[in-house]
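Trainee: Could you pick one part of this model and give me a close look at it? I would like to start from a single residue and then see how its surroundings fit into the whole.

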Amino acid sequence: MTEDSNTPLAVALFSELLTADQLLRNRLSRVLPKGMEISHFSVLNHLIFVQDERSPAQLADTFHVTRGAMTNTLTKLEWAGYVHIRPDWDDARRKMVAISPAGKQARDQAVAAIAPMINQVVGELGGDKVRAVLPVLRELRVKLEQGE
């Protein structure tokens, strides 16, 4: 197959991914606790997963957003009491971000709120289909990350 003959397949793939992303974001936004945005949940969830502090620059790189966008998200999370931001003791120009106990509780509440919806979707698709598609989606994500 030539590159040009892959175009309809590629357009169909990316169209499905973009549409699924939009629909998922809409559904998540409706079930997240009041005032919590997907970006807030994502950062809190990441900080729970890594179990360590991160700099705003590291978080921006992880989420593939600008440092300004991450600063905006972190400011909102700090204002809500969900993260603690402190100076980096080794480099005063940098800051370090850690999840607070209130942030852990907010993240847990968000997981509890979204779990029924995502479990329903996975249940309707079937575990075998989800397990089969995950490696393909991971490989696609890695390829897209490498192309940045």
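**From one arginine to the largest pocket**

Mentor: Happily! Let's begin with R107, which touches F41, L44, N45 and I48 once residues up to four places away in sequence are left out. Please keep in mind throughout that this is a predicted model. R107 belongs to helix α5, and its relative accessible area is 19%. The cut-off for buried is under 20%, so R107 counts as buried.

Now follow α5 itself. This helix covers residues 101-125, and its axis comes within 8 Å of the axis of α1, residues 7-31. The two axes cross at roughly 145°, and the crossing is right-handed. On the α1 side, the residues that meet α5 are L24, R27, L28 and V31; their partners in α5 are A113, I114, M117 and V121. By class, this contact has seven nonpolar residues and one charged residue, with no polar ones.

Both helices lead us on to the largest pocket, since α1 and α5 are among the elements that give two or more residues to its lining. The others are α2 (38-50), α3 (56-63), α4 (67-79) and α6 (127-146). The pocket holds about 2100 Å³ of space and has 43 lining residues. Nearest its centre lie D21, L24, R25, L137 and R141. You have already met L24, as one of the α1 residues in contact with α5. Helix α1 also gives the largest share of the lining, ten residues. Sorted by class, the lining has 26 nonpolar, eight polar and nine charged residues.

Next, two loops between these helices deserve a look for their backbone. Q51 sits in the loop between α2 and α3, and its phi is near 50°, a positive value in a residue that is not glycine. H64, in the loop between α3 and α4, likewise has a positive phi, about 55°, without being a glycine. What about their accessibility? Q51 counts as exposed, at 70%, whereas H64 is partly exposed, with 41% relative accessible area.

One more loop is worth a stop, the one between β1 (83-87) and β2 (95-99), where D88 is found. D88 has a relative accessible area of 9%, so this residue is buried. Setting aside neighbours within four places in sequence, D88 is in contact with R94, K95 and M96. As a gauge of distance, the C-alpha atoms of D88 and L47 are 17 Å apart, with the two positions 41 residues apart along the chain.

Finally, step back to the whole. The protein has six helices and two strands, and from the N terminus the order is α-α-α-α-β-β-α-α. Its C-alpha atoms fill a box of roughly 55 × 35 × 20 Å along the principal axes. Of its 148 residues, 22% count as buried, with R107 and D88 both buried. Among contacts between residues at least 6 apart in sequence, 52% join residues at least 24 apart. The meeting of α1 with α5, where L24, R27, L28 and V31 face A113, I114, M117 and V121, is a good place to return to when you turn the model yourself.

How values were computed. Residues numbered from 1 in each chain as written. Predicted model: local features only at pLDDT ≥ 70, side-chain atom pairs only at ≥ 80, totals over all residues. Heavy atoms only, no water. Axes fitted to C-alpha atoms, helices over the stretch in contact; angles between N-to-C directions. Helix = DSSP H or I, 4+ residues; strand = E, 2+ residues; numbered from the N terminus. Left-handed = near helix turned anticlockwise from the far one by under 90°. Contact = heavy atoms within 4.5 Å. Nonpolar A, V, L, I, M, F, W, Y, C, P; charged D, E, K, R; others polar. 1 Å grid on protein atoms, 1.4 Å probe; cavity = no way out; pocket = protein on both sides within 12 Å on 5 of 7 lines; lining within 4 Å. Points joined across faces, edges and corners; volume = space filled by probe spheres on them. Buried < 20%, exposed > 50% of the residue type's maximum accessible area, 1.4 Å probe, protein only.
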